[in-house]
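Take me through this model stop by stop. Tell me what to select next in the viewer and what is there.

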Amino acid sequence: MSQSTSTMGNEKINTSRRKFLKTAVTLAGATIGYTWLKSTQVLLFAAEPKDESQPWYGIIIDIQKCIGCGNCAKACKNENDVPREPFFFRTWVEQYTVKNDGTVNIVSPNGGIDGFTQAVPDEEIFKSYFVPKMCNHCSKSPCTQVCPVGATFETPDGVVLIDEKYCIGCRYCVQACPYGCRFIHPVKKVANKCTLCYHRLKKDLAPACMETCPTGARMYGNLRDRNSDFVKYLKEHTTQVLRPHLNTGSKLYYNALSGEVR
Amino acid sequence: MEPHYQHLYDILAHAQGYIFPNEIDLQWGILIVVYPFITGLVAGAFILASLERVFKVKILKPTYQIALLTALSFLLVATMPLISHLSQPQRAYEIMITPHSSSAMAIFGFVYLWYLAVVLLLEIWFDYRHSMVVWSNEKKGIMRYVYKVLTLGVSDITPRTLKWDRKLGYIITVVGIPSAFILHGYVGFIFGSLKANPWWSSPLIPIIFLFSAMVSGIALVMLVYMIVSFIRKKSIDLNVLDSIGKYLFFVLILDFTLESLDQIHRIYEAEESFEIIKLLVSGKLYLTLFVAQGLIGTIIPLITLVFLQFYKHKIRLQKTMYFVVSILVLIGVYSMRWNVVIGGQLFSKSFSGFTSFKVGLIGLDGTLMAIFWLLLPIGILTFLLWLLPPWKMVKEEE
């Protein structure tokens, strides 16, 4: 190395090259270090929280605990003034029945509010379970990305909300949500969806659906608080988000999620 | 029970399999089918006009102004189906003053304005300025002032200025071609960029939109040229039709290839959405995809256009065939828009079922409204052809 620089006979280049190498090594080291640090974060956080001083809300739904009573969907409609008609839901419950022949029967009559019956005869059932659905409060949410006026936004604490006074009703967000969580409110004529009961959350009250769940199948918590029961649950259970390949940064983690569920 | 809900209960009764409860109501109806159809006609008509100008295809000269005015007429209406489809149309301006930078839709207003104001209006103005100055001197009464206003007070028609008119018009055409590509490729991107919907999400969609736009625009100009000649009792120049027909054939082949590639790719990769899409195309979209778009809109026109390149006997028959081909192609492209927009919403994102779609007749997003938005540009075109008749333009020596 020193030989090659001396043959060039230029001291200036020599120092600048050394400087360059130094910078390059530092940058590479920092990048690798940072990436390693970040990769451990990615396991827990769907994306980087924006504001360190705020909580970063996530949701857990334990499929093994859901009994399909539909109280959550009912409570949500009561709490959030969602129209009663069976076309508008901020949360709903699906009943999956995998038959012995491998086919899957999915139903959600009136979002599960009136409870469920099993239409498939017992001897044909391989397995059956309930899956509550709600907004995934994605941190890379496709609905926020596509809103042409920015009426949909992510709060610093990780909740996806809609500014009803700003929404132009183009419905692009409804198209962009892979989970079918959005609808156009028939009276307000703007996009509508689960707010994680943000009005309750800000008063340290649990969202209505979670408050009412008799089995505690739904939980919410601060993903940033590593010592909380919420994060401990995530550590001790094998959880999965819906449609991970779409990389929406979903913060709704399902425990015991079966492969049939979309 | 409100009538709106009754309509939804009817759809619920016709839903098949499992759909998410919020998916019963189709979000984008017939107006959003009309919107890409209209913008496609604009882009296509403009590209045909540019062919004549930039590549100096002399034979297309009689269609140049017709194509430009057709593009303008449809462009003026292009945003209307969009705005009338919004559930808060009075807030539409927000998209211009507070556009959200990550939204594909937010840029539409700017792409649109660029295309309207910078490309089309300027090109037409430079093209017609000489004639408008002459007409403002020749005409009497109010029309004299109308043309005077249209010249924007630039009444200099010395050869040097006219040369500049031509030069600037040429530059705008050159800028206009990529603009037309952007305008319609962009409309495709609005659909193609939605990862939630496997029927839309494809990098080929913008290109397919672009080529189908060119197909529809070329067919429309051919049709307008024939109708205008018929109304003016002038004979239709068969050489013009043959020439447009040749372009139509090549673009249609490209369009067909791209769309086939898109489908073959889907079939071969057969991702998780494959089963539901297979059911979609073989069921609810069968008539509009295979019959209207494939057979009527593509295969029959392609065969006819090949035939017309060789068949040179009965002139009347040839003209009739071109007339029919242009209508078939327009039906085909409209069906393509339908298949994309409506087809993409018929299956559930749970990939486990279908909702159904019934077009309403009345209301802001009903069939009558869609027909109105399709007829309005024809009305505007009639007016523009009367105001700025290409056949009465002042001839310039090149």
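A salt bridge here is a side-chain nitrogen of Lys or Arg within 4 Å of a carboxyl oxygen of Asp or Glu. By that rule the structure holds ten over all chains. The model is predicted, so local features need pLDDT of at least 70 and side-chain atom pairs count only at pLDDT 80 or more, while totals for chains, interfaces and linings use all residues. Residues are numbered from 1 along each chain as its sequence is written, chains are lettered from A and ligands numbered from 1 in the order in which they are written, and side-chain values use heavy atoms, with hydrogens and water left out.

**Stop 1: a salt-bridge network in chain A**

Select Arg200(A) and Glu79(A). Their closest N and O atoms are 3.9 Å apart, and they form a salt bridge. This pair links distant parts of the chain, 121 residues apart: Arg200(A) is in helix H6 (residues 198-201) and Glu79(A) in helix H3 (residues 71-80) of chain A. Helices (H or I, at least four residues) and strands (E, at least two) are DSSP runs, numbered from the N terminus. Arg200(A) has a relative accessible area of 15% and is buried. Glu79(A), at 32%, counts as partly exposed. Buried means under 20% relative accessible area, exposed over 50%, and partly exposed in between (1.4 Å probe, protein chains only). Now add Glu211(A): Glu79(A), Arg200(A) and Glu211(A) are linked in a network of salt bridges.

**Stop 2: strand S9 of chain A**

Go to Tyr220(A), in strand S9 (residues 218-222) of chain A. Tyr220(A) is partly exposed, at 25% relative accessibility. Add Tyr253(A). The two are 33 residues apart in sequence, and their C-alpha atoms are 9.9 Å apart in space.

**Stop 3: chain B as a whole**

Show chain B alone. It has 14 helices and two strands. Its C-alpha trace spans about 70 × 55 × 35 Å along the principal axes. Of its 398 residues, 57% count as buried.

**Stop 4: helices H5 and H7 of chain B**

Select Arg129(B) and Asp165(B). They form a salt bridge, with the closest N and O atoms 2.8 Å apart. Arg129(B) lies in helix H5 and Asp165(B) in helix H7 of chain B, so the pair ties together parts that are 36 residues apart in sequence. Is Arg129(B) buried or exposed? Arg129(B) is buried, with a relative accessible area of 0%. Asp165(B) also counts as buried, at 7%.

Stay with these helices and pick Trp114(B), in helix H5 (residues 108-138) of chain B. Trp114(B) counts as partly exposed, at 41% relative accessibility. Add Trp164(B), Leu168(B), Tyr170(B), Ile171(B), Val174(B) and Val175(B): with Trp114(B) they form a nonpolar surface patch, with about 600 Å² of accessible area together. Patches are made of residues with over 30% relative accessible area and no salt bridge; like charges are joined within 9 Å, nonpolar side chains (Val, Leu, Ile, Met, Phe, Trp, Tyr) within 5 Å. Accessible areas come from the Shrake-Rupley method with a 1.4 Å probe; for residues, only the protein chains shown count as cover. Helix H7 (residues 159-192) of chain B gives the most to this patch, with six residues.

**Stop 5: Asp242(B) and Lys312(B)**

Finish with Asp242(B) and Lys312(B), a salt bridge with the closest N and O atoms 3.2 Å apart. Asp242(B) counts as buried, at 11% relative accessibility. Lys312(B), at 42%, is partly exposed.
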